[in-house]
Amino acid sequence: MTKRFFAIGFGAAGLTAIFGLAPSRAARANEEQEQGKAFFQKTDTNGDGKISQDEWQAAHKQMFQKMDTNGDGKVTMEEMKTSSEKMQEKGMGKGGMEMMSEKMKMMDTNSDGSISETEFMAASKAKFDELDTNNDGYLSKQELKAGHEKMMQKAHGGASQGMQGTTPQGTEKK
């Protein structure tokens, strides 16, 4: 669920990769903030300060196509794992296998062990609807931030800490 491409440098993500050091909570929060801004700007293709369902779906269609590395129209757990590893190499979060497995089970509605584009896009639409708390058909920066914080609390048993997700932090209002 995502998109902020940059090479590993010597920031917190680079230090983690080189020395195995965990970045500080503040450094992770700052990285997530920047990733969130980049995600919002890239997804808000018409620049109106909000993300429509069409913009959201277009971004997720691109995401699916990137994950479907063999181009067969399905994403397997192995492809999802490879995609997650690539994102981590680029400093974009630390989604664990357990979280990926849960996402896979949730999206694989026909239980065939892979996610079709139809299944992926249905999950994407459901996520948009969940995040659109005021039901206006658009996602604001505040709705994305609140959704990310909720996801992080669930993933960490109530403690919000930085990690990859479909809607990263950093989408605060300026």
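Let us start with a term we will need: a residue is buried under 20% relative accessible area, exposed over 50% and partly exposed in between (1.4 Å probe, protein chains only). The model is predicted, so local features need pLDDT of at least 70 and side-chain atom pairs count only at pLDDT 80 or more, while totals for chains, interfaces and linings use all residues. Residues are numbered from 1 along each chain as its sequence is written, and side-chain values use heavy atoms, with hydrogens and water left out.

**Exercise 1. Describe the overall fold.**

Step 1: Count the elements. Helices (H or I, at least four residues) and strands (E, at least two) are DSSP runs, numbered from the N terminus. The protein has seven helices and four strands.

Step 2: Put them in order. Along the sequence the pattern reads α-α-β-α-β-α-α-β-α-β-α.

Step 3: Look at burial. Of the 174 residues in the protein, 40% are buried.

**Exercise 2. Find the nonpolar cores and the helices that supply the largest one.**

Step 1: Recall the rule. A nonpolar core is a set of buried Ala, Val, Leu, Ile, Met, Phe, Trp, Tyr and Cys residues joined through side-chain atoms within 4.5 Å.

Step 2: Apply it. The largest core has 12 residues, among them Met-63, Phe-64, Met-104, Phe-120 and Met-121. At least two residues of this core come from each of helix H3 (53–67), helix H5 (97–107) and helix H6 (117–131). A separate, second core holds eight residues, including Phe-39, Ile-51, Leu-139 and Leu-144.

**Exercise 3. Work out how H3 and H6 pack.**

Step 1: Read the geometry. Axes are lines fitted to C-alpha atoms, for helices over the stretch in contact, and angles run from 0 to 180 degrees between N-to-C directions. The axes of H3 and H6 are 10 Å apart, at an angle of about 140°.

Step 2: Classify the angle. H3 is therefore oblique to H6, since angles under 35 degrees count as roughly parallel, over 145 as roughly antiparallel, 65 to 115 as roughly perpendicular and the rest as oblique.

**Exercise 4. Examine three salt bridges.**

Step 1: Use the cut-off. A salt bridge is a side-chain nitrogen of Lys or Arg within 4 Å of a carboxyl oxygen of Asp or Glu. The count comes to five by this rule.

Step 2: Take Lys-125 and Asp-129. Their closest N and O atoms are 2.9 Å apart. Why can these two residues meet? They are four residues apart in helix H6, so about one helical turn separates them. Lys-125 is partly exposed at 38% relative accessibility, and Asp-129 is partly exposed at 38%.

Step 3: Take Lys-81 and Glu-85. Their side chains form a salt bridge at 3.8 Å, N to O. Both sit in helix H4 (residues 77–89), four residues apart, which means about one helical turn between them.

Step 4: Take Lys-37 and Glu-34. This salt bridge is 3.8 Å, N to O. The two are three residues apart in helix H2 (residues 25–43), again about one helical turn. Lys-37 is partly exposed at 22%, and Glu-34 is partly exposed at 42%.

**Exercise 5. Locate two residues with positive phi.**

Step 1: Know the background. Most residues other than glycine have a negative phi.

Step 2: Check Ser-111. Its phi is positive, about 55°. Ser-111 lies in the loop between H5 and strand S3 (114–116) and is exposed at 63%.

Step 3: Check Asn-135. Phi of Asn-135 is near 55°, also a positive value. Asn-135 is in the loop between H6 and strand S4 (138–139), exposed with a relative accessible area of 63%.
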